[in-house]
Amino acid sequence: MIWNIKHHNQKNTEEGGLYMQRPPLRERYTFIDYLYYTTLLAVPAFTAFYAISNYSMAWLIFYLVLCLAAGIVILRFYCTHCPHYTRESRTIRCMFMWGIPKFFASRPGHLSLLDKTVALITPVILVVFPLYWLLQEPGLMIIFILSLIVFLSTVRRNECRRCIYFDCPANKAPEDMKSHDDAT
């Protein structure tokens, strides 16, 4: 969020103090945005990978395949509706995927109940699956939980209020900004 400091004696101040400008909608992502969010997500992911690998390489391989399959499922049911996916380019350029070819046809418009259900259940499975192994090592469980909280709260704070995916259930862009007049 952008904070501007106004002097108490300046004209046209609202209550003579700090005021907050709403950030513009996020029309495009950069590769740096992708790296930032991938790095944030890597902490809980690699914590889970490490906890599972301490007990079973077979289960680690299963979980890695599960993560890949979950990514494909989310891409198909959720991302294909997103304006970042429905653009004219041949590759995806969003905060979670960069340079990946668009394997599925774009499906602009509202998410169906099935789309929403799959988009909610799939990440829950990825979070719940490694809990058995993480419970064996409380230090890793703490890192996993705290890093997930940081990741989710960062996305919620920095992206959901600026998101152009207006049909997303998590979208928190102000109604008056949804005309795209404030987009960047």
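Contact here means heavy atoms within 4.5 Å. The model is predicted.

**Figure 1. Overview of the protein chain, with six helices and four strands.** From the N terminus on, the order of elements is β-β-α-α-α-β-β-α-α-α. The chain has 184 residues, and 35% of them count as buried. Contacts between residues at least 6 apart in sequence were examined for their span, and 62% of these join residues at least 24 apart. The accessible surface is about 11,500 Å². Carbon and sulfur atoms account for 66% of that surface.

**Figure 2. Close-up of Asp115 in helix α4.** Asp115 has a relative accessible area of 3%. Buried means under 20%, so Asp115 falls in that class. Leaving aside residues up to four places away in sequence, Asp115 touches Phe77, His81 and Arg107. Asp115 also belongs to the α4 side of the contact with α2, where Phe77 is among the α2 residues.

**Figure 3. Packing of helix α2 against helix α4.** Two packed helices are described by the angle between their axes and the distance between the axes. Here α2 covers residues 57-77 and α4 covers residues 113-128. Their angle is about 160 degrees, and their axes are 10 Å apart. Angles over 145 degrees count as roughly antiparallel, so α2 is roughly antiparallel to α4. The crossing of α2 with α4 is left-handed. From α2, the contact takes in Tyr63, Leu66, Cys67, Ala70, Val73, Ile74 and Phe77. From α4 come Leu114, Asp115, Val118, Thr122, Pro123, Ile125 and Leu126. By class, the residues of this contact are twelve nonpolar, one polar and one charged.

**Figure 4. Packing of helix α1 against helix α2.** Helix α1 spans residues 31-53. Its angle with α2 is about 150 degrees, and the two axes lie 8 Å apart. This pair is therefore roughly antiparallel. Ala48, Phe49, Ile52 and Ser53 form the α1 side of the contact. Met57, Trp59, Leu60, Tyr63, Leu64 and Cys67 form the α2 side. The residues of this contact are nine nonpolar, one polar and no charged. Tyr63 and Cys67 of α2 take part here, and both are also listed in the contact with α4.

**Figure 5. Close-up of Ile52 in helix α1.** Ile52 counts as buried, at 0% relative accessibility. Not counting residues up to four places away in sequence, Ile52 touches Trp59, Leu60, Tyr63, Phe129, Pro130 and Trp133. Among them, Trp59, Leu60 and Tyr63 are on the α2 side of the contact of α1 with α2. Phe129 is 77 residues from Ile52 along the chain. The C-alpha atoms of Ile52 and Phe129 are separated by 9.8 Å.

**Figure 6. Close-up of Phe166, in the segment after α6.** Helix α6 itself covers residues 138-160. Phe166 counts as partly exposed, at 24% relative accessibility. His110 lies 56 residues from Phe166 in sequence. In space, Phe166 and His110 are 8.9 Å apart, C-alpha to C-alpha.

Definitions and conventions. Residues numbered from 1 in each chain as written. Predicted model: local features only at pLDDT ≥ 70, side-chain atom pairs only at ≥ 80, totals over all residues. Heavy atoms only, no water. Helix = DSSP H or I, 4+ residues; strand = E, 2+ residues; numbered from the N terminus. Buried < 20%, exposed > 50% of the residue type's maximum accessible area, 1.4 Å probe, protein only. Areas by Shrake-Rupley, 256 points an atom, 1.4 Å probe, with all protein chains shown as cover. Axes fitted to C-alpha atoms, helices over the stretch in contact; angles between N-to-C directions. Parallel < 35°, antiparallel > 145°, perpendicular 65-115°, else oblique. Left-handed = near helix turned anticlockwise from the far one by under 90°. Nonpolar A, V, L, I, M, F, W, Y, C, P; charged D, E, K, R; others polar.
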